[in-house]
Amino acid sequence: MEDFIYESLPTRVVFGDGKLSTLSDEINRLGASRVLILSAPHQTEMAHGLVNHLEGCCVGLFTEAAMHTPVDVTEKAVRLANDVKADALVSFGGGSTVGLGKAVALHTGLPQIAIPTTYAGSEMTDILGQTEHGVKTTLRHPLVQPKVVIYDVSLTLSLPVAVSVNSGLNAMAHAVEALYALDRNPVVSLVAEEGIRALSEALPLIVSQPRDNQSRNQAQYGAWLCGICLGSAGMALHHKLCHVLGGSFNLPHAEMHAVLLPHTAAYNAPCAPQAMLRVARALKAQDAGMALWQLAHSVGAPMALKDIGMSQRDIDSAVTLVMQKPYWNPRRITYEGIRYLLSRAWAGEPPQP
Ligand code: NAD
């Protein structure tokens, strides 16, 4: 057994079909009575339903959450939180909305209840990524960690299949990287393997039956576990690449994770054999990188960076950016190695170490 340090993040998790009904109780538990609800433009209707559900204790609704948490949107939401004298935040939506809730919590100190409706996993972390003038930065702070997370499977039934698949693969990337993280530990590794297994079984079922409660439930369970991994272990090459491609080339977040994951797993495989054994075991396969690639293919995920908006001429500048401030990674990061990886991912070729 390797030496390790284990520390868990303090979030109360309420999980189950119909658990949105516990929201009022959870607000009371926090001692709050003036809630600001945050959401995204495409979920305005669902958010209005929540306002009605909360009756007297909702003092405001802000539905302008956007990808990568733009600072100007946060400032607007903070002003509203102050104007309406909110004493708690309810973030209702995907990673973009939870990100906005985290940013507002950081500025105001208000407690946040997150109600995730995708599989992004942000709700289980104390990490905030935000953008200003096209530059994405991340920070960790206890204030951004949601106090309560309510997972209600009924809220994910409307998530389109393509978004579900990409979001699920985004979540699996957290677990894959947690397995070879420098600060990995036996508890998080168990959680990671189970998260990969749960999502890999659920995603193909969601593709064939998007409104099947049981598969959605399993996907949400997997997403929760993968979110724990992201909050508990340091991330490496895969997240670095996504950070660079998302921040500097504005590629869509979940799709980028979906395309890159098989390639980053294959790149790291020679230097993380135990981690890859566990990924392969979770996927009931021999080779982790190939199994992730086949899973992505089978569920109709995007397979090439060129198909999600990356230009071939940006490959070299992306490699340069990755080389400038590399994260710790089990395998040494070389210019040629990353260029090879990105070129294959750009073209949609199968992953190779
Ligand atoms: P998202 O929140 O932007 O949602 C994608 C789209 O799906 C949006 O249009 C949204 O309105 C819609 N949607 C969400 N749930 C729905 C539902 N149930 N039914 C119908 N439509 C629905 O995307 P995402 O992939 O969930 O999150 C990506 C963002 O999260 C990025 O900004 C990323 O940086 C951030 N993120 C942060 C962390 C962290 O720990 N800080 C972790 C993961 C992701």
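**Two domains and where they meet**

Hi everyone, let's start at the meeting place: 21 residues of domain 1 touch 24 residues of domain 2. Before I go further, please keep in mind that this is a predicted model.

So who are the two partners? The protein chain splits into domain 1, residues 12-156, and domain 2, residues 161-347. Their C-alpha centres sit 25 Å apart.

How much area is buried between domain 1 and domain 2? About 2,000 Å², with carbon and sulfur atoms giving 59% of that. Looking at domain 1, the residues that lose the most area to domain 2 are Phe15, Tyr119 and Val153, and together they make up 35% of what that side buries. If you wonder about the choice of quantity, the size of an interface is often given as the accessible area lost when the parts come together.

Now for the polar side of the story. Between the two domains there are eight residue pairs in polar contact, counting pairs with both residues at pLDDT 80 or more. The count of salt bridges between domain 1 and domain 2, on the other hand, is zero.

Which strands help build the domain 1 side? Both β1 (12-15) and β7 (135-140) supply at least two residues each to the side that touches domain 2. The top contributor is β7, with three residues. Sorted by class, that side of domain 1 has 10 nonpolar, seven polar and four charged residues.

Let me turn to what the UniProt record says. An unreviewed entry lists residues 10-152 as "domain: Alcohol dehydrogenase iron-type/glycerol dehydrogenase GldA". In our model, that stretch is 31% helix and 28% strand, and its end C-alpha atoms are 20 Å apart. For residues 165-346, UniProt gives "domain: Fe-containing alcohol dehydrogenase-like C-terminal", again from an unreviewed entry. That span is 72% helix and 0% strand, with its end C-alpha atoms 19 Å apart.

One last topic: salt bridges in the whole structure. There are 11 of them. Here is one to find on your screen: the side chains of glutamate 2 and arginine 184 meet in a salt bridge, at 2.9 Å from N to O. Why pick this pair? Glutamate 2 is in the segment before β1, while arginine 184 is in the loop between α5 (161-180) and α6 (186-208), so the pair ties together parts that are 182 residues apart in sequence.

Thanks for listening!

Technical notes
Residues are numbered from 1 along each chain as its sequence is written. This is a predicted model: local features need pLDDT of at least 70, side-chain atom pairs count only at pLDDT 80 or more; totals for chains, interfaces and linings use all residues. Side-chain values use heavy atoms; hydrogens and water are left out. Domain bounds come from an automatic or database domain assignment. Contact means heavy atoms within 4.5 Å. Buried area is the accessible area (1.4 Å probe) that two parts lose on being put together, summed over both. A salt bridge is a side-chain nitrogen of Lys or Arg within 4 Å of a carboxyl oxygen of Asp or Glu. A polar contact is a pair of N or O atoms within 3.5 Å; within protein, one must be able to donate a hydrogen and the other to accept it, and residues adjacent in sequence count only if both atoms are side-chain atoms. Helices (H or I, at least four residues) and strands (E, at least two) are DSSP runs, numbered from the N terminus. Ala, Val, Leu, Ile, Met, Phe, Trp, Tyr, Cys and Pro count as nonpolar, Asp, Glu, Lys and Arg as charged, and the others, Gly among them, as polar. UniProt positions are given in the numbering used here, feature names are shortened, and annotations may be inferred rather than shown by experiment.
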